[in-house]
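This report describes the internal cavities of one protein structure. It takes them in turn and lists what lines them.

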Amino acid sequence: MTAGTREFNLIVFGATGFVGVLTARHLAKHAPDGVRIALAGRTQAKLEKVRAELGERAKDWGIVVADVDKPSTLDAMVARTTVLCSTVGPYALYGETVVGACVNAGTHYTDLTGEVLFARRSIDKFHEQAVANGTKIVHSCGFDSIPSDLGTFLVYEKARADGAGTLGSTTLVIRSIRGGASGGTIASAIGLADEVSADRDARRVAGRPHSLSVDHTRETPKQPGDLSVVDAKTVDPSLTGRLAPFFMASYNTRVVRRSNGLLDFAYGPDFTYRETMAVPGPPVVKAVAAHAVQGALAVGMAALAIKPLRPVLDRILPSPGEGPSESSQAKGSFIADVYTRTTSGRRYRSTIGARLDPGYSGTAVMLGESSLALALDGDTARGGAALPDRAGVLTPAVALGDVLADRLRAQDFTVTVEELTA
C-alpha cells in the first residue's frame, strides 16, 4: 500500500475529543501542503464545527462519521485511508475493534494507549496478521511512550555506531515535568484497576515486567521494580541524591522491553531498564521527597481500585475529553533523559524534551508526527524518508526510529544523544 492509493493519507478518529482537537490543530498548522486529511467521529455537526475552527488549511478536509459501536462504519472508514490515528479511549473499551478493522484493511494505525492489557490483547490477536499483510500497528505514540522508547533506541544506536558494546543498566530520568494528567489517562488507569482487581490472570499480566515482550525466555531475567526509590549515583556518576519512581513506569518499561525483543534483543543480554523522576532540593530533602512520591503512587493506585472512592475522585480528577486551558498548556514542559552504561563501560545519555504540556499539546505533536511519518515517509518512491521495514504490532522506536526523531526536531523538540566522559 502506498500513500497515493487511498482517498485520504490520514484520518484522525475521535477528532472532537480534547486530544483529538489538539492533534487536528497541529496537523492543520504543520502537515505539508497536499496531504489529504479527514476528521472522524460519531457526530457530523461536531466534526464540521472542529474543522471550521481549524482555519483555511483545513477547509477542504474530509468528514467521516464512524462509531465504535457500529463495526460496519469502522470498516468503511479505515478502507478510505492510509493511516488511522485514533484518540478514542479508553482503548480497553473502544480500541480492539478499531485495530481489528485496520489490520483487516491493511491500514496503518497509531494511538495514545498506556494500557498494558489492551496492548497485550492487540499483540495476541493481531500481530501475526499485521506482519503477514504489511500493516504497522503503532501503539503509545504520545508522552506514553515516545520519550522512553525513542530515548532508549537512540542510546542503543549511538553505542552501536561507536562500537561501545551492548547496553547494560539503562534508566529514564524525568529531569523536569510540568503539566496535567489527562482525563483519558485517568479513565484508563481506573479501567485497569477494575480489571486486575476482578481477574487474577489480568493481574498477573499487568504485573509481569515482560508482559508485552516477544519472547520472555530471552529477556534478562531480573528487571528493576517499578516503584523503587533509586540512588542517583547508580544511574550515572553525574547525578546526586535519590530518584523517585515515575508514575508511568509500569507501562513504559514494558514498551521498551518489547522494542528490544522486536529488534531481536539487540540491546544486549545484560540490558535492564527502569524509570525514575528527579525531585528538587538538597540530598536529605530529595530522599524524603522520593519516598513520599513512592508512597503516594502506591496509595493512589490502590485508591483507584476502591469503587466507593470513585465519586470523590470524579470530583477532583479530570474526566475523559477534558483538559487544561490553552494558557495552562502554554506553561507546560518536560525533559526526559535516558542514561546507559554499555558492556565496555562507556556511558551515554539521550534527551527528549519540549516546552509543551506533556500530556496534551506535547502528546498531540508526537501523535501527529508519528501519524504523518506512517502516512508519508514509508513511500520512498514518492519522496518519503525510509521507515524501518517492519510490520506487526510495533512500538514507536521500532516502527519509526530515526524518522520520528528528525520529525520531532523539526517541531522544536530537543532530541539529542551523546557520550558522557566527565
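## Overview

The structure, a predicted model, holds two cavities of 30 Å³ or more. The largest cavity has a volume of about 60 Å³, and the second largest has a volume of about 40 Å³.

## The largest cavity

The lining of the largest cavity is made up of Ala119, Ile123, His139, Ser140, Leu212, Tyr251, Val255, Arg258, Val393, Leu394 and Thr395. Three elements each give two or more residues to this lining: α5 (116–133), α9 (249–262) and β13 (392–394). Helix α9 provides the largest share, three residues. By type, the lining residues of the largest cavity divide into seven nonpolar, three polar and one charged.

Where does the largest cavity lie with respect to domain 1 and domain 2? Domain 1 covers 8–142 + 360–400 and domain 2 covers 145–354. Both domains give residues to the lining, so the largest cavity lies between them.

## The second largest cavity

Around the second largest cavity, the lining residues are Pro224, Gly225, Asp226, Ser228, Val230, Ala249, Arg274, Glu275 and Thr276. Strand β10, residues 272–278, gives the most to this lining, with three residues.

How do the lining residues of the second largest cavity divide into nonpolar, polar and charged? There are three nonpolar, three polar and three charged residues in the lining of the second largest cavity.

Technical notes. Residues are numbered from 1 along each chain as its sequence is written. This is a predicted model: local features need pLDDT of at least 70, side-chain atom pairs count only at pLDDT 80 or more; totals for chains, interfaces and linings use all residues. Side-chain values use heavy atoms; hydrogens and water are left out. On a 1 Å grid over the protein atoms alone, a cavity is a set of points where a 1.4 Å probe fits but cannot get out, and a pocket is an open set with protein on both sides within 12 Å along at least five of seven lines; lining residues have an atom within 4 Å of a point. Grid points are joined across faces, edges and corners, and a volume is the space filled by probe spheres set on the points. Helices (H or I, at least four residues) and strands (E, at least two) are DSSP runs, numbered from the N terminus. Ala, Val, Leu, Ile, Met, Phe, Trp, Tyr, Cys and Pro count as nonpolar, Asp, Glu, Lys and Arg as charged, and the others, Gly among them, as polar. Domain bounds come from an automatic or database domain assignment.
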